[in-house]
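Colleague: I want to learn how to read enclosed space in a model. Please take me through an example.

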Amino acid sequence: MGKEQVVRSTCRICYNNCGVLIYIKDGIPIKVEGDPKNPMSKGRLCPKGLASLEYLNHPDRLKHPLKRVGERGKGEWQRVSWDEAIEAVAEGLNRSKEKYGVLSVIFLRGASKGLSDDYMARFANLFGSPNISSPAPFCFVPGVNASKLTYGYYAYPDYEYPPKCIVIWGADPEATNINEYEEIVNALEKGTKLIVIDPIKNELAKRADSWIRLRPGTDSAFALGMIRVMIEENLYDKDFVKTWTVGFDALKEHVQIYSLDKIEEITWVPRERIIEAARLYSKERPGCIIWGNGIETNLNSLQTCRAIAILRSISGNLGVPGGEVKWSEPGGLIKGSPEFVCQNNIPPEVRDQRLSKKDGLMPIVFYALHQSIIRTILDNEPYPIRAAYLQAGNFLTSYTNAKMAYEALLKLDFLAVADMFITPTAMLADIVLPVATYLEFDCVEQPWHYPIASIQQKVTQVGEAWSDGKILNEIARKLELRPYVWDDMHQCLDWVLKPAGITFEEFRKIGFMVGTKQYRHYEKNGFDTPSKKVELYSKRLEEWGFDPLPVYHELPETPYSEPEIAKEYPLLLVSRKADVYRHSGGRQIPSLRRERPEPTLSIHPEPASQLGIKEGDWVYIETRRGKIRQKARLDESLDPRVVDVDYAWWFPEKITSQLYGWEQSNINILTDNSPPFNREMGSPNMRGILCKIYKD
């Protein structure tokens, strides 16, 4: 028997990048557990990370490249070599480029995969197409852009101090970020006050000093109400506002149009609770706000984040211990470095023809919107889209108006998909490329929500799976996109680590690098904004043609915007992510599926009784786009007018000819990809829309 070895690495099943220890015996990984020395995760690991070996060794994992030999969607494949697969992808992309022009090729990116995302952006820029998609408009980036527009940096909460008040807004850390959840729980045990703003009563809401159960999609109105209370009751930090902000008088005048009575009507939150939340947050300083995906998935996304950024600012919590702190980049490494992704490789006249240009978004937004991609493929306007390369995305479950997305993918002349498993979307591909798990390649990983760079180390190999970076590098080599091709992927990792002054081999022994807190950084050089101050009133937004102060817009398909359809569709739909799945991924993993075996709809007992629905009944959820089927669960904590619909479902166990039941329980059968969208970033409306429920 061989000696047991332990290798330090980083889990990359989700975006959290938790530290792991991989136990290896006779060259085979036998156990994965949390790394207690990792300064971010501190030994913690969620169910997904604990299932790492199930992902690695799953019998249905893609182990070899596949070429479609039958009709699209029928699941008829031929195993091919990597050389054949790379040649087929290169030919498919080049064929469209030569026949229709480089703009006809689109690069589709799914959920964040760290450095792999930069590899894809690099490849697209080398290839010459500015048409690359991203979840950015509705996942994390609205908060990043709002932060930078307001005070110039993305703030991290300073849990160690700890804060005297924490606000959790549209987030569920217990399900999506176990590390943050534990930090919050530790702070609560030290006496920190907690406010949770969410339509759904999650685990932290059960422990909150104040749980605000607002109407889905009305977060920006509630934030404006808090701002108004803070100003009217002189609860803001007067010294900080006077010295370090611009636009306060305009803000003060602006919020007068949002009376608390009006905000109560919009949000369904009594005015007394609005005042209570504003007072608690203002008086218990220092404090911090943790925001999540729940506030970014509608037409108010950027302006909601702007309003929350303003709350952080006028409360005096920016840069202080226990507040919203700026950190240095770990080792000087820059995520998404323009030099690394070859940002300037595309001529300005070509980049100006990118799909996002016609959508009139902020000039700092470059990614093509999902809804624009689908309509462009179907309508051939403003030009044809004929070929696509898709990385880490199951778009039949993640794009709004999924039926239209299906029609569009079928219309493509060529589709290549890189993934770990055959998904409903991969079923429509011409070439499917097997992607390695994090256990099968070396990398440097940096999460977006914590300033750390950590080591990821190859410990095994299953079949012929490659990393996304290697796949794209070899396609670039085939297309002769030199001199930008890496001779070896370790050469690339050395380049990434160059600002830190180390090689990847040296990094193996170091393990991780962490940034440092920069308390009151602005006192030295001001804020990183044009005015060098916090810009409550954003002149940049004004110059670009957008609202310089946060404005609330009623969503489409609500009881207020379309009261007539509310008669037929009386309930409001909301959704959240489960702790065992990453978006649509993981439903074929036995331990995870046992925890959440079926798609579940949560509904208040009152409307359920009126509809004759009992616990465990299968029910239909319907909007104007279609209907899906999920299993009912009664939940007294929900507002009777709101239902919680399970997210991103498909069924890996179903026969392939039905595309794994992608239509049966998929929430995006119900959502719309028609305007209005968020004006600044194009965020679609994915929550807070009208629906109806009835028994199967």
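Colleague: Which residues line the largest cavity?

Modeller: Rolling a probe the size of a water molecule over the atoms shows where empty space is left. A cavity is a set of points, on a 1 Å grid over the protein atoms alone, where a 1.4 Å probe fits but cannot get out; lining residues have an atom within 4 Å of a point. Here the lining is Tyr119, Arg122, Phe123, Leu126, Gly469, Leu472, Asn473, Ala476, Tyr484, Val485, Trp486 and Met489. This is a predicted model: local features need pLDDT of at least 70, side-chain atom pairs 80 or more, while totals for chains, interfaces and linings use all residues. Numbering runs from 1 along each chain as its sequence is written, and side-chain values use heavy atoms, without hydrogens and water.

Colleague: Which helices each supply at least two residues of that lining?

Modeller: α4 and α19 (468-478) do. Helices are DSSP runs (H or I, at least four residues), numbered from the N terminus. By class, the lining has 9 nonpolar, 2 polar and 1 charged residues; Gly counts as polar, Tyr and Trp as nonpolar, Arg as charged.

Colleague: Why call α4 largely enclosed?

Modeller: 13 of its 13 residues are buried (under 20% relative accessible area, 1.4 Å probe, protein chains only), so the rest of the structure largely encloses α4. It covers residues 115-127. Just after α4, Gly128 has a positive phi of about 110 degrees.

Colleague: How many cavities of 30 Å³ or more turn up?

Modeller: The search finds 3. Volume is the space filled by probe spheres set on the points. The largest has about 90 Å³, and the second largest about 70 Å³. Cys11, Cys14, Cys18 and Cys46 are among the residues lining the second largest, a lining with no charged residues.

Technical notes
Expected span 1.5 Å × (residues − 1). Buried < 20%, exposed > 50% of the residue type's maximum accessible area, 1.4 Å probe, protein only. 1 Å grid on protein atoms, 1.4 Å probe; cavity = no way out; pocket = protein on both sides within 12 Å on 5 of 7 lines; lining within 4 Å.
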